[in-house]
Each structure stands twice: as structure tokens, then as C-alpha cells.
Amino acid sequence: MADNHNIVFLNGQFMPISEAKISPMDRGFLFGDGIYEVVPSYKGKLVGFGLHIQRMQDGMNAIGIKLNKSVDDWRDIAQSLIEQNGKGNLGLYFHVSRGADIKRFHAYPDDIEATVFAYAFEIPEATVADKTLVKQFKVASTQDLRWKRCQIKSTSLLGNVMHFQQGHDAGVHETILYNQHNELTEASACNVFIVKNEVVITPPLDNQLLPGITRHMLLDILRKDGTLQVEERVISMNEVRAADELWITSSSKDIAPVVELDGKPVGNGKVGDIWQLAQTLYSANKHNY
Ligand code: PDD
């Protein structure tokens, strides 16, 4: 899939990316006034599709964007993009902005049509649950300086982008974030889990973090399996630094094991056995969502 031949979806039509144009008056462009989703697919099989579309609908409801599209409409767009862009491993990106106005005015206009964009991009092979082969992640940490509505998957991502860049500049893969009380929230583009004494722990859902679909599926899979104890609770950064294992999760990364935090080893500095078990269970069950 050469990027310039990429077939994308824009406002009801499929076209080469080079022909996809939006107005500079689009509120997505001017204000970051929109909602987006990223759904992984492996050889044409979508993962967690209904959950992703429900989260996108929740986001649109939260910011008052009205759009008449069912899960099946979205599935048709996804399937068509997969057909037209090759059946490798593709991430599907969906983006709904409030639309283009004739002027720049902050209040929501009520007479404009939402802009709907979707495209497919290549993602890595699904993670293999083998601690000798898996990519090992390094992260930095910093205080979370984003807004207080992080549960909304908004296209206003500058706060996340700036935090990601901090880690990037420091030569690591991600930046994990903590609030003013020194409590873990999430990472710039991932949710975060720790393992301590074989208990898998992640912060509870609230306005400080995105309700990640990978997070949701992993918790559900672990609870149904029952081998590992799972907790959703506040986690201090002291606990993060003393954790046996640290993971970051997202649709494109599955469960990514972190071996270094702020230049110091996590646990014994190696990918852990609990990661291996969790990723094995996740790989075996993620296509059931
Ligand atoms: N990022 N937290 C944030 C801030 C995110 O941006 C993401 C996803 C996640 C994980 O959510 P999920 O498991 O549903 O992918 C958590 C996407 C992939 C992105 O922006 O590219």
C-alpha cells in the first residue's frame, strides 16, 4: 500500500488521498473540534469494532455533533477501505469534525454538516506473546498538563502531542503521565498498567484518562480467565517506580512491556512472566470483541 495510492473515504465518497480536500474553515482544522477513533484489523478482521464505534458515538454525544451513522454503516466503510487498500494489518482511522462554517466563531453552529473522514494505514504484526521476541519499550514520566476532559477522544491532541514529543526528545518511546497528586493517569497515546506481586493494576476510569478499548478488553479477558487478580484503583508514582512490571496498552500496540522508566530498570529490567501470560490470553481472545 503505497501511501500516495491510498484510497480514503471523505464525506460519502472513496477517492485517492491526493484528491481528498477539506475547507480551511472546517472546525476540525480551526478548533480541533472533532472526535476520532483508531481500530486495528489483522488480515481483514476488525478488533473491538463495536466498542470503538460506541466510544466514538459517546464522544460525539458529549460535544453535540449529530451524525446519522449506524455501526453497520461504519463497518461498511471499514470493510471497503480494507478491500481497497490490501488485506494486510491495517489501522482504520475514523474522524468526525463538526464541519465547515462560513466564519470562525466559537459557538457550535447548528446548520452545518459534519465532515467525515476515514483512511487505512499499515500497523505492525500482532504482538507475539513471547518475552524473548517482543519489542521492549522505554518511557519517561512527567506531570500531565492536558485538559480535564481526557475521557473524550478529541482531535484536539496538542496536549498529547507535546507530551509524546517530550519522550521522543528524550529518546524513549512514550511518556507516562501523573496528576498534581503524583497519581498515574495514562500515557500520551496509551493506557498504563502495573504489576505488583502478580496483581495487575490500572487507574480507574474518570476524566483524567481515555477509556481505552485495549484496556477494557484486557481487563475483561483477565477477569473471565480468573488466573490473575485485577484491580482498578488509584496508583501513586511511587508504586509505579516500585512495580515488578509496567505495561502500556493501545489498539496498535496490544500490551507493550516497558523495561525502563526515566532511565531506571522496571523490576528486574526484563520483560515479565505476567506480561507473557496476559499477552497470551489477550492474543487468544481479542478477536471475540
Ligand atoms: N491512541 N490513551 C490515549 C491518550 C490514547 O490516545 C489511546 C489510543 C489510548 C489507548 O486506547 P485504545 O486501547 O482504545 O487504542 C489511551 C490511539 C491509538 C492514537 O491516538 O493513535
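Q: Which of the 20 residues around the ligand come nearest in this predicted model?
A: Tyr36, Glu186, Ile213, Thr214 and Ser251 come nearest.

Q: What makes the approach of Tyr36 to the ligand a polar contact?
A: A polar atom in the side chain of Tyr36 is 2.7 Å from a ligand oxygen atom. The cut-off for a pair of N or O atoms is within 3.5 Å, so this pair counts.

Q: Why do Glu186 and Thr214 count too?
A: An N or O atom in the Glu186 side chain lies 2.6 Å from a nitrogen atom of the ligand. For Thr214, a polar side-chain atom is 2.6 Å from an oxygen atom of the ligand. Both pairs therefore meet the limit of 3.5 Å. The protein covers 88% of the 470 Å² of accessible area that the ligand has on its own.

Q: Why is the ligand said to lie between domain 1 (3-122) and domain 2 (137-288)?
A: Both domains give residues to the shell around the ligand, so the ligand lies between them.

Q: Which helices and strands each supply at least two residues of that shell?
A: They are strands S3 (34-42), S9 (184-187) and S13 (245-250), with helices H2 (49-63) and H5 (213-225).

How values were computed:
Residues numbered from 1 in each chain as written. Predicted model: local features only at pLDDT ≥ 70, side-chain atom pairs only at ≥ 80, totals over all residues. Heavy atoms only, no water. Near = heavy atom within 4 Å. Polar contact = N/O pair within 3.5 Å; in protein donor to acceptor, adjacent residues only side chain to side chain. Areas by Shrake-Rupley, 256 points an atom, 1.4 Å probe, with all protein chains shown as cover. Helix = DSSP H or I, 4+ residues; strand = E, 2+ residues; numbered from the N terminus. Domains from an automatic or database assignment.
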